[in-house]
2 protein chains.
Amino acid sequence: MIDNKVLPTRNIHIDDPFWSEYIRLVREVMVPYQWEALNDRVEGAEPSHAIHNFKIAAGREQGEFYGMVFQDSDVGKWLEAVAYLLETKRDPALEEIADGVIDLVAGAQREDGYINTYFMLKEPGKEWTDLAECHELYCAGHMIEAATAYYRATGKRKLLDAVSRFADYIDTVFGTEPGKLQGYDGHQEIELALVKLYHATGNERYLKLSRYFLEQRGQKPHFFEQEWEERGRTLHFPQLSMVHEHEYSQSHLPVREQETAEGHAVRLVYMCTAMADLAIETKDANMLAACRKLWDNIVSKRMYITGGIGSMEQGESFTTDYDLPPDLAYAETCASVGLIFFARRMLQLHRDSKYADVMERALYNTVIGGMSLDGTRFFYVNPLEVYPEVLGKNKNYNHVKAERQGWFSCACCPPNVARLLASLGEYIYSVQEDTLYADLYIGGQAKMVVAGKPVTIEQTSHYATDGRVRFDVTPEQPAEFTLALRMPDWCDEVEITVCGEKLILTSADPDGYIRLTRKWKSGDIVDLVFAMPVKRMSGHPLIRQTFSKVALQRGPFIYCLEEADNGKRLYQLRLTADHDYSLADQTGIPDGVKTIEVSGSRLKSVADWSHTLYSGDSSWAREEAKLTFIPYFAWANRGVGEMSVWVGEEV
Amino acid sequence: MIDNKVLPTRNIHIDDPFWSEYIRLVREVMVPYQWEALNDRVEGAEPSHAIHNFKIAAGREQGEFYGMVFQDSDVGKWLEAVAYLLETKRDPALEEIADGVIDLVAGAQREDGYINTYFMLKEPGKEWTDLAECHELYCAGHMIEAATAYYRATGKRKLLDAVSRFADYIDTVFGTEPGKLQGYDGHQEIELALVKLYHATGNERYLKLSRYFLEQRGQKPHFFEQEWEERGRTLHFPQLSMVHEHEYSQSHLPVREQETAEGHAVRLVYMCTAMADLAIETKDANMLAACRKLWDNIVSKRMYITGGIGSMEQGESFTTDYDLPPDLAYAETCASVGLIFFARRMLQLHRDSKYADVMERALYNTVIGGMSLDGTRFFYVNPLEVYPEVLGKNKNYNHVKAERQGWFSCACCPPNVARLLASLGEYIYSVQEDTLYADLYIGGQAKMVVAGKPVTIEQTSHYATDGRVRFDVTPEQPAEFTLALRMPDWCDEVEITVCGEKLILTSADPDGYIRLTRKWKSGDIVDLVFAMPVKRMSGHPLIRQTFSKVALQRGPFIYCLEEADNGKRLYQLRLTADHDYSLADQTGIPDGVKTIEVSGSRLKSVADWSHTLYSGDSSWAREEAKLTFIPYFAWANRGVGEMSVWVGEEV
């Protein structure tokens, strides 16, 4: 089995022409903005009240709870992002703010260890009566994640101790033993958090509790139905179906028996992340098999080309195999963040580049597409086709926005993106025995221990813009080990120069990595040039919504047409057979990331449509048109307009 | 202005190889079945309780009200269908049943004239407190329609007198005078019913009341908001938005100011029908102008090629111009019935065949497509594309069924179809001064008065199957008048033989009619052969959902592909340029109505899809395929399967 662990981000310093700007945005824009938002100081934005809730619970303020039942989790996610920032770069002012928040959280903690401002302030006495809907353990999980990250970053134990006490208390409440609640949370999260707490504390009690929550899920009689009966059949979200629709929360079957990705997409991938964690920690082959089935179902049947998941708004959910409507897509930003969490664990369990490929797909397209280029506005929903003129008219698109929004009333996505980007270093490398794997090509410096020897890797990456990557390998002492470089799924040819010796490869090892084994010494350099032609991508022929259409991809980026470049009525455009793409730079697109121009046509009807909606004259004329594609992640940064990833071809 | 009136159906006897079967189904299957359903004697079907409600209200039974707030209307619509059947053919047993129902209704009537079993039994004292939601005047309207039809059919006044008393009472409750409620119903219906009551009684009070309801609609302050405040902000249908979303009930603007078809499609066309009635009766040019605007918006921007209207499930509503998704369509059967009502009035107001063309489109496609070929099962929703495997999985399709259902819990469509088909004779001819217009080509005998002279027309029609129609014209005395024959919108050439003299026309008069003026004498014969080639129809290029696809049409019928003939994955099929269609007969399709076979192909991807959802190999192979199309109305009579009206072309 696998024993490599995630590398602490303190050992990774990102310095990358594409990604550094995102990290800067997290540090300088998103985290400060979110802090203002958490304190209700963003003008025009819906108040969060999250910090006030803690202040009230800690007895430092008078007032009433305000917000969603899961409002506390925003504080947890923000603290977690802060922790990652502090881990990579000291920032005493930020740390002082964070310490203040931790004082609040600890100050709000009840004698018995319980922390949840909603129940403490608004429904005292109703704790643990509506696990299906009320996100109590979900909020706990986010605070635990924050605590473990903060402890790792600063060495400060205050929050870690607090959440440990909380987890100890939770362990007394839940379990299969007589007198305990045989329950679990409607929204998976604590399961993966408890594994982190186990890592941080070494206390196996938390690992065991995590396994309990996973294994209890989906058992019969159904816990959510039981607690619903017991509390008098009340519902917190009567308009949703959190109690009775068990697929929604993946509680329709025991987790090991689930073979398809059903229900709420974020919950599913958070659950899968914890399942994979358990498989890693306990070498549970059964659990690993379940992880693989769910993974395969997601990525081979239910994932958008942008790495988005969740085909419908109802329940923010998966639908069924090969059902991937580009316009009705939910493809929540958080779900793609969660998919990356899951992928990262699968990569630990099963060394295969396909997991990193999905990580890359979700990261370079949906996750960063979820935020504006200036880091101030966010998409919750990431469709692959938008026609603004029907939005607000056709209510099937009520979840779709043509413009990113500020802080949301359900503000899960922005802090989720922030904590992922702030911890991006964790996803670049992994070490397994005497092999150092490069999973993502993101520039910067990393200090690792490979085959027992300290090694510094300096990656200089122009991967996003032209596929060029350089590794300066600096072992403390000359040492033999393997550098395994991921061959991206989109790449058919890579030129590799190892210490001056050049070779061209068109394929990698069966697991998708190119292995360079040698006795590395200081000054060794590996240069990579991944061929990055524009590719016309097709969807599986069972996806009816993309059938006979193509999407352009270059490197890790999926492209799209926007009205700003191509005019209205994008569905009238067709690519010609001509594959003579020209690459260009465009203002407003990150430096060096290319737009694509290619010849195409606009189909025009030759019929007279002035008096009729349907005509027997079905002939069409082609008008030559230059089509301009921009990377999907950069869409909707130039005002409201049409967008489409998929485009028809002249055939 | 126009002074032609609808011809009583007693003067029309339908005898047609296509339509007689439908009339038989109404008489022998639907009306008896619906009678059983109204009496809760259909096994396995949701109980209606509608007759019981009246029995309880009439003091003949003990019990409680059961059903929807508009349950009474099912009785009204059933009685109306019965009346039309009795008008065209005496049936003492059926008449006795109907008389019994009328006794019940009259027996349930309150001293003051009020009739509504929901409020009398379930919410006495709450009458007229929730017009927005509770369908009180809607139910009254349907009973009034039934009464006028029954009076015309049988000469019996009992129900007519009862509803007149009810209408008199309503007139004391509503109006702009001080002390009256300045309200109107959430669901338009009474407006058109009161015009019928005016016709039946000659009492202008009802015409005036109808006009009041139309003119009050959409005035400010908004009545629905006012009554909502007054009743303490309660909602009867809290999950809907009947009170605050004024477009839903077309109460967002005064009716004369409405220029686009918004909201609930059935309500809109019922309202338009009444508006056209008022324009006819009062020669209100303003009202006529509003009718025309709404008509034009519907048929030139918001109507499916099948004559269906309503692009979304939410609110069973219109969305916006050129937004006509084939798969998400609502296209309620009742809405197309209502569109025919509206079209019939527009034809009276403005002699132009375009109105009859829409009548025909809706009738031959959506309306009869709404029922199974055996008359026992019904569609409420009539999509133009169905992939059964996503139904129940992708909740955007929760309203879509792949099989017709029995009696519905909201059972509006089956009786609506029954009353339309039972009164089909009213839609075939119209007389205006010295011109006899043939609007629909449905065989049978009609006795009319043209230019003051009695004329009998015997129409022998094979219109639906091969476009051949014969008129035997028999004036009582030789008489000069004009026979005006509609040139269907799908027809480019008609061969006309008038008393042995043949001519070929490729166009009609600007109003769409071919006029034959002569001194007609007994034995005169007109033969018509409408050229009926298969046509490839395109949608307006602004309809993105049908862009670059075609639908086949032959004569009045729109065709579709079904899985039963073409296998699964209909979206992979393409029509070739070859226009060599062959027509065939098929078991299960009404006699003589052809299926269409034409050469096409199935696009197959040549990539290896065993391990990937997206591939850079975007080349396709064509596999020759014979495509079989059946008339849309006949779909879903051979089990559950895929269906698509629109198909791509090889280009």
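The following exchange concerns the two chains of a predicted model.

In this predicted model, local features need pLDDT of at least 70, side-chain atom pairs count only at pLDDT 80 or more, and totals for chains, interfaces and linings use all residues. Residues are numbered from 1 along each chain as its sequence is written, chains are lettered from A and ligands numbered from 1 in the order in which they are written, and side-chain values use heavy atoms, with hydrogens and water left out.

Trainee: By what turn can chain B be laid on chain A?
Mentor: Copies are superposed by least squares on the C-alpha atoms of residues with pLDDT of at least 70 in both. The RMSD is 0.0 Å and the shift along the axis is 0.0 Å, with a turn of 180°. The two copies are therefore related as by a two-fold rotation axis, the turn being 180°.

Trainee: Is Arg217(A) buried or exposed?
Mentor: Arg217(A) lies in the loop between α10 (204–216) and α11 (223–230) of chain A (helices being DSSP runs of H or I, at least four residues, and strands of E, at least two, numbered from the N terminus). Buried means under 20% relative accessible area, exposed over 50%, and partly exposed in between (1.4 Å probe, protein chains only). With a relative accessible area of 0%, Arg217(A) is buried.

Trainee: Which backbone oxygen does the side chain of Arg217(A) reach?
Mentor: Residues that Arg217(A) touches (heavy atoms within 4.5 Å) include Tyr184(A), Ser249(A) and Met271(A). At 2.9 Å, its side chain reaches the backbone oxygen of Ser249(A).

Notes
Polar contact = N/O pair within 3.5 Å; in protein donor to acceptor, adjacent residues only side chain to side chain. Lists of a residue's contacts leave out its neighbours within four places in sequence.
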